[in-house]
Amino acid sequence: MRWNNSKETSREGNGSSPPRFASEALAPAQVPPHQVEQEVRRALLSQPNLHFASLVVRRIADGVCLQGILQTDVESPDVCSIAQRVSGVNCVLNHLLIAPSRSFPAKG
């Protein structure tokens with residue numbers, strides 16, 4: 001094996017590889033934590049078969065934690081997959097309590 005003690009020359013600009021800063025420019029920007037929480041909340045609340053008595057979405061290291069009470073007649077709604085569709089969410093901690101939906105009689 002031969003060692004080259006001369007200064008390594010930069011390959012930037014000769015077309016053989018992209019400049020060092022190009023990969024940094026292509027990397028996705030960090031999504032603000034509150035934006036992720038809001039997008040997950042919006043995605044869950046927009047589902048027609050899911051009704052929340054309360055919903056708290058908190059950002060965790062690699063995703064979100066869901067807390068609250070979900071009222072639904074669906075046996076096991078897949079809230080985790082809905083939350084994971086949001087950019088920046090890889091992990092979902094589901095701490096939701098599931099309660100059956102109740103239909104109340106009309107007043108009067």
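User: How many Å² does the protein expose, and what share of it do carbon and sulfur atoms supply?
Analyst: The structure is a predicted model, and the area is computed from its atoms. The protein exposes about 8,600 Å². The share of this area supplied by carbon and sulfur atoms is 52%.

User: What is the mean pLDDT of the protein, and where is the pLDDT below 50?
Analyst: The mean pLDDT is 76, and 62% of the residues reach 70 or more. Residues 6-13 are below 50, with 4 contacts in the model beyond near neighbours in sequence. Where pLDDT is low, the predicted coordinates should not be read in detail. A further stretch below 50, with 0 such contacts, is residues 21-28.

User: In what order do the elements of the protein run from the N terminus?
Analyst: The secondary structure comprises 3 helices and 3 strands. From the N terminus on, the order is α-α-β-β-α-β.

User: Which strands pair with β2, and in which sense, parallel or antiparallel?
Analyst: Strand β1 (residues 51-60) is joined to strand β2 (residues 63-71) by 9 bridges, and the two run antiparallel. They form a hairpin with 2 residues between them. On the other pairing, β2 meets strand β3 (residues 91-99) over 9 bridges in the parallel sense. The partners of β2 are therefore β1, antiparallel, and β3, parallel.

User: Which residue in β2 stands opposite R58?
Analyst: The pairing of β1 with β2 is antiparallel. Within β2, S54 has I69 opposite. For R58, the residue opposite is C65.

User: What is the bridge partner of Q71 in β3?
Analyst: Strand β2 covers residues 63-71, and β3 covers residues 91-99. The bridge partner of Q71 in β3 is A99.

User: Which side chain of opposite charge is nearest to E37, and how far away is it?
Analyst: E37 lies in helix α2, residues 33-45. Leaving aside neighbours within four places in sequence, E37 is in contact with V57, R58 and R59. E37 is buried yet has no salt bridge, because a salt bridge needs a side-chain nitrogen of Lys or Arg within 4 Å of a carboxyl oxygen. The nearest side chain of opposite charge is R59, at 6.4 Å.

User: Is R42 buried or exposed?
Analyst: R42 lies in helix α2. Its relative accessible area is 54%, and the cut-off for exposed is over 50%. R42 is therefore exposed.

User: What separates the C-alpha atoms of R42 and A83?
Analyst: R42 and A83 are 41 residues apart along the chain. Their C-alpha atoms are separated by 9.6 Å.

User: Why does P32 count as partly exposed?
Analyst: P32 lies in the loop between α1 (20-26) and α2. The C-alpha atoms of P32 and R59, 27 residues apart along the chain, are separated by 10.0 Å. Partly exposed is the class between under 20% and over 50%, so P32 falls in it with a relative accessibility of 42%.

User: What percentage of the residues of the protein count as buried?
Analyst: The protein has 108 residues, and E37 is one that is buried. The cut-off for buried is under 20% relative accessible area. The percentage of residues that count as buried is 22%.

How values were computed
Residues are numbered from 1 along each chain as its sequence is written. This is a predicted model: local features need pLDDT of at least 70, side-chain atom pairs count only at pLDDT 80 or more; totals for chains, interfaces and linings use all residues. Side-chain values use heavy atoms; hydrogens and water are left out. Helices (H or I, at least four residues) and strands (E, at least two) are DSSP runs, numbered from the N terminus. Buried means under 20% relative accessible area, exposed over 50%, partly exposed in between (1.4 Å probe, protein chains only). Accessible areas come from the Shrake-Rupley method with a 1.4 Å probe; for residues, only the protein chains shown count as cover. Lys and Arg count as positive and Asp and Glu as negative; His and the chain ends are not counted. Contact means heavy atoms within 4.5 Å. pLDDT is the predictor's confidence in each residue, from 0 to 100.
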